[in-house]
Amino acid sequence: MQALYDTIGTRYSTYRRPDPRIARAVHAELRRDATIVNLGAGVGSYEPGGRDLIAVEPSGLMISQRPRSAPPVVQARAELVPFRDGAFDVAMAILSIHHWSDIERGLLEARRVAKRQVVILTWIGFGEDFWLLDYLPQIREIDESLFPSIEDLAQILGPLRVIPVPIPHDCTDGFLCAYWRRPHAYLDEGVRSAISTFSRIQDFKDGLRSLEKDLQSGEWKQRYDHLFHSESVDYGYRVVVTKWEAS
């Protein structure tokens, strides 16, 4: 993750601005009085304000883009968190576990340092067919091989509560599915630079040329016109929560 985001994260804070509706879904699971550690914190997206929080992030480039007002950050990996057992009430991880070199170890570290709760924003597969796959079908194999299933997470963390997070059509956080109703965005190199999936696709030029052609001809609009009748779509993003009693 450190090497990846030191390479692709140059303009991350420009294109990956936290969406307030997703923020509400995450923050609703965080107790107001909780002490929090944010693992794989990046530039600090979705860190709740006014809380006792420490960020853990391996990439120096990402750390350099954190706002001056952001909570303190420690440069370290989620797989080896430099805090004692039970140091926090809550461990959170926002769209980061799929970048960890050892997901199981990172999740066990999250549980080790959190006394009461782990809150994760993750992805479990396309809840509905995502039209971009018609142009870049390799995305499915790439991303589905990276993200753990709910069953995998439960095996490591224990019983879970799973909350669907529909993606609004004007989502401000530019992750892969954020532009589902703004297809021209995927032709923007800056947009793609903030989506890690594109760094893993060996050749996406032909697919994007087909997309551009269909946008210019009106074929895309004709084929996917039904999307403009939806304000949000479930593309498989989930808030996953586990709780246990403090010992």
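In the predicted model, Glu79 touches Trp100, Ser101, Asp102, Arg105, Gly106 and Glu109, residues up to four places away in sequence being left out of this list. Glu79 itself is found in the loop that lies between strand 3 (73–74) and strand 4. Although it belongs to a loop, Glu79 is buried, and its relative accessible area is 6%. Two polar contacts involve its side chain. The side chain of Glu79 reaches the backbone nitrogen of Ser101 at 2.6 Å, and it also reaches the backbone nitrogen of Asp102 at 3.4 Å. Ser101 and Asp102 are thus among the residues touched by Glu79.

The strands on either side of this loop belong to a sheet. Seven strands form an open sheet, arranged in the order 3-2-1-4-5-9-6, and the pairing is mixed. The edges are occupied by strand 3 and strand 6 (161–164); each has a single partner strand, so one side of each is left without a neighbour in the sheet. Helix 5 (residues 103–113) packs on the sheet, where it touches strand 1 (35–39), strand 4 and strand 5, and the direction of helix 5 makes about 145 degrees with that of strand 5. At one edge, strand 3 pairs with strand 2 (residues 52–56) in the parallel sense, over two bridges. Within this part of the sheet, Val56 stands opposite Val74 in strand 3.

Further into the strand order, strand 4 stands between strand 1 and strand 5. Strand 1 and strand 4 pair in the parallel sense over three bridges, and six bridges join strand 4 to strand 5, these two strands also running parallel. Ala91 of strand 4 has a residue opposite it in each of these partners: Val37 stands opposite Ala91, and Ala91 in turn stands opposite Val118 in strand 5. Strand 4 is mostly covered, as seven of its seven residues are buried.

Strand 4 also takes part in covering a helix. The buried residues of helix 3 (residues 20–27) are Ile22, Ala23 and Val26. These residues cover an arc of only 105 degrees around the axis, which puts them on the same side of helix 3. This arrangement follows a general rule: an α-helix has 3.6 residues a turn, so residues three or four places apart point the same way. What covers the buried residues of helix 3 includes strand 4 (88–94), strand 5 (114–123), strand 7 (167–168) and strand 9 (237–243).

A further buried polar residue occurs in another helix. Ser196 is found in helix 9 (residues 196–200) and is buried, with a relative accessible area of 9%. A polar contact of 3.5 Å joins the side chain of Ser196 to that of Arg200.

Cysteine pairing was also examined. The structure holds zero disulfides. Cys171 is in no disulfide, and the nearest cysteine sulfur, that of Cys177, is 9.9 Å away. Seen from the other residue, the closest cysteine sulfur to that of Cys177 is in Cys171, and the separation of 9.9 Å is too far for a bond; a disulfide is a pair of cysteine sulfur atoms within 2.5 Å. Both residues are nevertheless enclosed: Cys171 is buried, with a relative accessible area of 2%, and Cys177 is buried, with a relative accessible area of 0%.

Technical notes. Residues numbered from 1 in each chain as written. Predicted model: local features only at pLDDT ≥ 70, side-chain atom pairs only at ≥ 80, totals over all residues. Heavy atoms only, no water. Buried < 20%, exposed > 50% of the residue type's maximum accessible area, 1.4 Å probe, protein only. Helix = DSSP H or I, 4+ residues; strand = E, 2+ residues; numbered from the N terminus. Arc of directions from axis to C-beta. Contact = heavy atoms within 4.5 Å. Polar contact = N/O pair within 3.5 Å; in protein donor to acceptor, adjacent residues only side chain to side chain. Pairing = 2+ DSSP bridges. Axes fitted to C-alpha atoms, helices over the stretch in contact; angles between N-to-C directions.
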